[in-house]
Amino acid sequence: MNRNQAIIFEMSVPGRQALNLPQCDVPTLEIETLIPAEFLRKADAQLPEVSQPDLIRHYTNLSKRNFGLDSGFYPLGSCTMKYNPKVNEDVARYPGFAHIHPLQDSESSQGALELLYTMEQYLAEIAGMDAVTLQPAAGAHGELAGLKLIRAYHRSRGEARTKVIVPDSAHGTNPASATVCGLEIVEIKSHADGSVDLEALKAAVGPDTAALMLTNPSTLGLFETNIEEIANIVHAAGGLLYYDGANANAVMGIVRPGDMGFDVVHFNLHKTFSTPHGGGGPGSGPVGVKKTLIPFLPTPVIAFDGKNYALDYDRPQSIGRMHSFYGNFGVIVRAYAYILAMGPDGLRQASEDAVLNANYCLSQLKEDFYSPFDRYCMHECIVTSKNQKQFGVKTLDIAKRLLDYGYHPPTIYFPLIVEEAIMIEPTETESKETLDGFIQAMRAIATEAKTDVSQILSSPSNTVVGRLDETTAARKPVVRWKA
């Protein structure tokens with residue numbers, strides 16, 4: 001035992017003699033002698049003393065206050081909060097995956113590299129792309145990586161294209177990612193039917209157009225039926241088409257972004273491919289590209305010579321690293337297990353069921369709530385509180401009242417171009433019985449707006465805390481417990 005170990009031993013095991021432990025051969029060092037006097041506490045820490053049952057009950061009760069997919073329906077629009085099969089969790093915990101270290105050499109990491117390499121091939125096939133990088137750690141991170149690839153491509157051609165076209169219905173991360181990448185935003189308005197306004201797009205493109213960022217289906221839950229014409233307009237101007245894969249849960253296994261004319265695509269493994277989502281992560285946002293952009297992919301690239309897998313750093317045109325290591329490995333393993341379990345037919349069926357569930361919700365709710373678009377939706381639908389406005393009820397009130405019925409509210413006030421929006425994404429993993437319960441709760445709230453509006457305006461009343469002052473909470477958050 002060296003001196004430092006002895007010090008720690010003496011400090012951590014008081015009453016050593018009572019335990020009949022051997023004596024150390026170095027003297028005890030009082031830690032106070034190592035710290036200046038002005039930093040020493042003047043009184044002992046006032047720590048609470050509780051029994052083990054009290055402690056366990058405290059944390060168990062806290063856990064019951066947390067809402068998750070294991071406890072209820074989570075219809076957040078544009079987020080695809082689908083149920084995560086527990087077998088995916090089991091696979092990610094296999095010792096060979098869970099205990100691997102990112103700094104191991106390639107020779108001792110062949111299994112992990114093979115999984116990553118194969119996953120890239122799967123995603124490339126699903127997306128209709130020629131190559132994929134798994135490095136980005138989230139959707140917005142994937143957007144940034146994709147835009148850096150687009151910028152590098154244009155610069156390699158001697159073109160200083162700096163503008164990114166973004167529809168007014170886009171995810172907020174789209175313009176944010178472009179700005180972080182040093183590019184300028186050009187916003188275009190949507191057509192009355194929710195699709196991209198082709199005339200506005202034609203007027204926006206030019207020699208400085210780097211790309212159009214588009215989500216298809218859009219954030220309005222609608223498929224861009226003019227996607228081929230949109231792609232032709234952008235490509236004719238020399239720009240590239242970027243696919244935001246946030247809504248790929250509606251089309252996986254059915255259509256491929258690459259076949260629509262997209263040059264770059266990102267997927268959210270933590271949405272579309274059923275890995276844990278929410279609580280701040282972890283995430284994964286792989287990016288796929290057409291062959292003209294392959295030279296610019298982040299390093300290292302996984303290479304396979306027919307026998308061995310290796311990390312290739314010799315990529316002179318690469319945009320460099322986008323992650324400290326090769327992506328969030330545990331998330332990728334979960335998504336890999338999901339794809340293997342589903343297979344081509346299963347992925348298609350998941351998309352078809354997601355679209356069916358969304359249209360079922362829309363058909364059942366549009367009698368009580370206003371529907372801004374008179375057309376079939378894809379995997380998510382939008383209604384609003386326009387019909388309840390006359391009674392003084394807003395979308396926020398409906399969301400708060402849903403808590404009393406035991407449901408997590410859908411996404412509200414998004415997309416921004418739809419006034420008082422309620423965005424519902426039921427996903428394919430919810431049963432008709434679950435959807436009927438949610439629909440019944442929404443209808444009950446619509447009735448309450450006419451007969452007992454005070455009940456809605458004072459909600460929630462069945463939760464641990466009542467309605468919060470959200471403005472003050474956002475502007476003056478209390479993030480530290482005080483006795």
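1. Helices here are DSSP runs of H or I with at least four residues, numbered from the N terminus. By that rule, Arg348 lies in helix α11, which covers residues 329–365. The model is a predicted one.

2. Take the whole protein next. Its secondary structure amounts to 15 helices and 12 strands. Along the principal axes, the C-alpha atoms fill a box of roughly 85 × 70 × 45 Å. Of the 483 residues, 47% are buried.

3. The contacts reach far along the chain. Counting contacts between residues at least 6 apart in sequence, 69% join residues at least 24 apart.

4. The surface comes to about 24,600 Å² exposed, and carbon and sulfur atoms supply 54% of that area. As for charge, the protein has 42 positive and 55 negative charges. Their mean positions are 5 Å apart.

5. Back to Arg348. Is this residue of α11 buried or partly exposed? Arg348 counts as partly exposed, because its relative accessibility is 37% and that class runs between 20% and 50%. Beyond its neighbours within four places in sequence, Arg348 is in contact with Met252, Gly253 and Ile254. Tyr122 is another residue to locate from here: it is 226 residues from Arg348 along the chain, and the two C-alpha atoms are separated by 14 Å.

6. Helix α12, residues 395–404, deserves its own point. Eight of its 10 residues are buried, so α12 is largely enclosed by the rest of the structure. Which residues of α12 are buried? They are Thr395, Asp397, Ile398, Ala399, Lys400, Arg401, Leu402 and Asp404. The list includes charged side chains, among them Asp397, Lys400, Arg401 and Asp404.

7. What covers the buried residues of α12? The cover includes two strands, β11 (411–412) and β12 (421–424). It also includes the helices α13 (432–451), α14 (453–457) and α15 (470–475). Look just after α12 as well: Gly406 takes a positive phi of about 90° there.

8. Finally, a nonpolar patch on the surface. Ile31, Leu34, Ile35 and Phe39 form it, and together they have about 410 Å² of accessible area. Where is Ile31 found? Ile31 sits in the loop between α1 (3–12) and α2 (52–65). With 39% relative accessibility, Ile31 counts as partly exposed. Residues in such a patch need over 30% relative accessible area, so the value of 39% for Ile31 fits that cut-off.

How values were computed. Residues are numbered from 1 along each chain as its sequence is written. This is a predicted model: local features need pLDDT of at least 70, side-chain atom pairs count only at pLDDT 80 or more; totals for chains, interfaces and linings use all residues. Side-chain values use heavy atoms; hydrogens and water are left out. Patches are made of residues with over 30% relative accessible area and no salt bridge: like charges are joined within 9 Å, nonpolar side chains (Val, Leu, Ile, Met, Phe, Trp, Tyr) within 5 Å. Accessible areas come from the Shrake-Rupley method with a 1.4 Å probe; for residues, only the protein chains shown count as cover. A salt bridge is a side-chain nitrogen of Lys or Arg within 4 Å of a carboxyl oxygen of Asp or Glu. Buried means under 20% relative accessible area, exposed over 50%, partly exposed in between (1.4 Å probe, protein chains only). Contact means heavy atoms within 4.5 Å. The place of a charge is taken as NZ of Lys, CZ of Arg, CG of Asp or CD of Glu.
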